[in-house]
Amino acid sequence: MKTLLPFILIITYTTYTSCSLSKQEKGKLLAEKYCGSCHLPVSPAMLDKTTWTQHVLPAMAPKLGIGVWRENEYFLKPANGAANISIEDWKSIVAYYQELAPDSLAPAKASRPLAGDLQLFDLVQPDTAGYTQTATTTMVAVNPFTGVVYSSTEYGATLYKWEGQGKASPAIRLQSTAVDMSWRAADTALLTCIGNIRAVDVPTGVLWEVHPAAEEAGQVKTIAMGLPRPVQSIAADFNKDGRMDYLVCGFGHNYGGLYVLQQTAAEEYTKQAVWEVPGAIHSVVEDFDKDGWPDIMTLFAYGDEGIWLFRNDHKGGFKQQQLLRFPPVQGSTGFQVVDMNKDGLPDILYTSGDNGDYSMELKSFHGVYLYLNKGDFRFEQAWFYPVNGCTKAIAADFDQDGDLDIASVAFFADLKHKPAEKFILFTQDHPMQFNPHVMPALTGAGRWICMDVGDYDRDGDADIVLGNYSKGFIIQGDFKPDWNVNIPFIILRNKTK
């Protein structure tokens, strides 16, 4: 009887509260029970009424065994032979969001306005004479050893090499567009090809070792094929056997995962899942716990969004620990590990701004976040600046004054009313005080989806390359591109030195 008492109390409490709760309170409890079992519960205030009822909730219903005829018309569609929720309870959840969600979202309010006074860079355009194709750049990368710029586009499946301001020369023909390039030496890089840029479960991604600067540029080493839409790869010897392994972020769609490709004595690779869930979008490999073994920190940007630490267990596996968690509508896009306040502890620079899913509207919580490390892997938010549709942020000492600044790009910026936020440079003029600056001349140059930082002109300061993607994905109605839709990328050449 002693063992059963807690369950009897829970049943009694649930029965009592279900009779005495208001309609809204009941809907909230049900949302926390069913939706919160997979991810953080989402406040109705995070999206507008139409987005909830016509897009997000109909997309979530099948996951609970509910079919959708049309708005507010549902039927049982049991998954695996049984429904997860009753029609009555599902309608209570819908009513909860429908009643409490705002008719429209209020625009973000920034603590500091954008200052159109950025003069730190010169704009350098590649030679694209006669180039009339709409830009679909998916990757830009600066070779840290040579300053040479490489790019790839969605259409054409080619890695392009750009030297100086000359025309592009095709370096390597690819099986699909490249989305990540990391360098192991001046003439050796890892190239991650996504397979299919659209959100589908077609595992055709490829990881290659390439030599784009050498005479044998066309020769590649295939490390893995059939990957679930990989978006990043990192080389590291995770098991310390003297052979190089590779970490792959397989973003996937409904299926994906974070994988280690472990090299065998026969120079083959076996795929081991670190965590087989979709949404792995960016990783950092470091010895975070200072035990001499490489660990992994990864941002997952699908469903249960957040940043996890995977500590190497020295036995071929990893111990998982969640560091930060975000609601599923957060739209996480990337992060960087950097000691922003110079206290010797690695902090997290994080961005959110994905707006290409079920909730395509400008959101006040999109932007650039800084989480400071308080020790023992505890992180607390110390700074936030709202940037509509923020895609990426990179910290570097751009103005050469001894502290770190932040460059950000926003693919889903407010193109109608605030197009300058497509690129912002936040200068750290005082400790932990960041002032946002923009370049008016840059607004019409392109729409930036990717960014890399490196010393392009080899003069000792940090230059920036911005990749232009101008085909579709406009979420603001009755708006057409008012920027250069053809140029593949633009270089911001730092004038500090």
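Two strands count as paired here if DSSP finds at least two bridges between them. Keep that in mind for the close-ups below, which come from a predicted model.

**View 1. The β4-to-β7 sheet, an open one with four strands.** Reading across, the order goes β4-β5-β6-β7, and the pairing is antiparallel. Out at the edges you'll find β4 (137–142) and β7 (169–173). Each has a single partner strand, so one side of each is left without a neighbour in the sheet. From one strand to the next, the twist averages 25 degrees.

**View 2. Zooming in on β5 and β6, an antiparallel pair.** Strand β5 covers residues 149–153 and strand β6 covers residues 158–162. Four bridges hook the two together. To get your bearings, look for Ser151: standing opposite is Tyr160 in β6.

**View 3. The β8-to-β11 sheet, also open and built from four strands.** Here the strands line up as β8-β9-β10-β11, with antiparallel pairing. The edge spots go to β8 (178–185) and β11 (220–227), and each of these pairs on one side only. Neighbouring strands in this sheet are turned against each other by 15 degrees on average, direction ignored.

**View 4. Where β10 meets edge strand β11.** Residues 205–210 make up strand β10, and this strand pairs with β11 in the antiparallel sense. Count along the pair and you get five bridges. A handy landmark is Gly205, whose bridge partner in β11 is Leu227.

Technical notes:
Residues numbered from 1 in each chain as written. Predicted model: local features only at pLDDT ≥ 70, side-chain atom pairs only at ≥ 80, totals over all residues. Heavy atoms only, no water. Axes fitted to C-alpha atoms, helices over the stretch in contact; angles between N-to-C directions.
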